[in-house]
Every structure is written in C-alpha cells, then in structure tokens.
Amino acid sequence: MSKFTDFIDGIVDDSKILAKAELKQLVADAKKDQSDFVRLQAENLERWTVLLADGDLTPAGYKKLVRKMEVLTQLEVIKLKVSAKASAQRLAQGIQTLVIDSLFALI
C-alpha cells in the first residue's frame, strides 16, 4: 500500500463523512487519465497528502494548497475541449466533495 492510502485509511472518521474508498479511487483514476493536467493534479494531491501525513505540511498549508488546486482545476475546465472536460470536472467535483467538504473536517 502507498503512504497516501495508509494515511487515508488511518483517518478517524466516527461520523463517516469521508468516503475513503472514493477518495482513493478518485486519485488512482486521475493518475491514469489521458489529460496531463488531471494526472499532475492527482500527483500533487497525493504528494501533499503524504507531506501532511509525515508532518512536513501543516493542515492549514494543506488546505491552502488544495483550495488553490480547486480554483486552478475549475479554470482549466473552462479552457479544455469537450473530450477532456469531463475528467477535469470529475476531478474538480471530487476535490470539492471528498477533500474540501470531508477530509478538511477531519484534519
């Protein structure tokens, strides 16, 4: 298992607000996407999560990076051709739902 997966699995979520499997799947799928942009953002999210897990990034710093990623992803969706737009939109929605709304509440 990767350090990213181990960290996500280790998060205590008594209220079950974080869909851990969906978050891990979002990143795994995005890392295999045809779009360079989507792959890069998935790699960034994974790397930042590992830095957070290692204590090399504070929760506040992590949140700031992810919020900037969310804005950048939304801007990229506007620019993309229709064929690539769907995967970028899935990533943007996943970042909002799984990371900002759920993971942020737990870190």
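Is S87 buried or exposed? S87 has a relative accessibility of 10% and therefore counts as buried, where buried means under 20% relative accessible area, exposed over 50% and partly exposed in between, computed with a 1.4 Å probe on protein chains only. The model discussed here is predicted, so that local features need pLDDT of at least 70 and side-chain atom pairs count only at pLDDT 80 or more, while totals for chains, interfaces and linings use all residues. Residues are numbered from 1 along each chain as its sequence is written, and side-chain values use heavy atoms, with hydrogens and water left out.

## Two residues of helix α5

S87 lies in helix α5, which covers residues 82-106; helices here are DSSP runs of H or I with at least four residues, strands are runs of E with at least two, and both are numbered from the N terminus. Although S87 and V38 are 49 residues apart in sequence, their C-alpha atoms are 7.3 Å apart in space. A105 is also placed in helix α5, but A105 has a relative accessibility of 54% and counts as exposed. The C-alpha atoms of A105 and I17 are separated by 8.4 Å, with their positions 88 residues apart along the chain.

## Salt bridges

The structure holds four salt bridges, a salt bridge being a side-chain nitrogen of Lys or Arg within 4 Å of a carboxyl oxygen of Asp or Glu. In general, side chains of opposite charge can pair when their charged atoms come close. Three of the pairs are set out below.

| Pair | N to O distance |
|---|---|
| K3 and D54 | 2.6 Å |
| E46 and K31 | 2.7 Å |
| R39 and D36 | 2.1 Å |

The salt bridge between K3 and D54 links distant parts of the chain, since K3 is in helix α1 (residues 3-10) and D54 is in helix α3 (residues 36-54), 51 residues apart. K3 is partly exposed, with a relative accessible area of 45%, and D54 is likewise partly exposed, at 38%.

The salt bridge between E46 and K31 also links distant parts of the chain, with E46 in helix α3 and K31 in helix α2 (residues 20-31), 15 residues apart. In this pair E46 counts as buried at 16% relative accessibility, whereas K31 counts as partly exposed at 33%.

R39 and D36, by contrast, both lie in helix α3, three residues apart, which is about one turn of the helix. R39 counts as partly exposed at 23% relative accessibility, and D36 counts as exposed at 55%.

## Faces of α2 and α4

What span should the 12 residues of α2 have at 1.5 Å a residue? The expected span of a helix is 1.5 Å times one less than its number of residues, which gives 16 Å for α2, and the end C-alpha atoms of α2 are 17 Å apart, in agreement with that value. The buried residues of α2 are L23, L26, V27 and A30. Seen down the axis of α2, these buried residues fall within an arc of 90°, so they line one face of the helix; the arc is that of the directions from the helix axis to the C-beta atoms. An α-helix has 3.6 residues a turn, so residues three or four places apart point the same way.

Helix α4 (residues 59-79) has 21 residues that should span 30 Å, and its end C-alpha atoms are 30 Å apart, which agrees. In α4, the residues Y62, V66, M69, E70, T73, E76 and V77 are buried. They cover an arc of only 130° around the axis, which puts them on the same side of α4. The face of α4 turned away from this buried side carries the exposed residues A60, K64, K68, I78 and K79.

## Packing of α1

Two packed helices are described by the angle between their axes and the distance between the axes. Axes are lines fitted to C-alpha atoms, for helices over the stretch in contact, and angles run from 0 to 180 degrees between N-to-C directions.

The axes of α1 and α3 come within 9 Å and cross at roughly 60°. That makes α1 oblique to α3, given that angles under 35 degrees count as roughly parallel, over 145 as roughly antiparallel, 65 to 115 as roughly perpendicular and the rest as oblique. The crossing of α1 past α3 is left-handed, meaning that the near helix is turned anticlockwise from the far one by less than a right angle, while a clockwise turn makes a crossing right-handed.

With α2, α1 packs at an angle of about 160°, the axes being 10 Å apart. That makes α1 roughly antiparallel to α2, and α1 passes α2 in a right-handed crossing.
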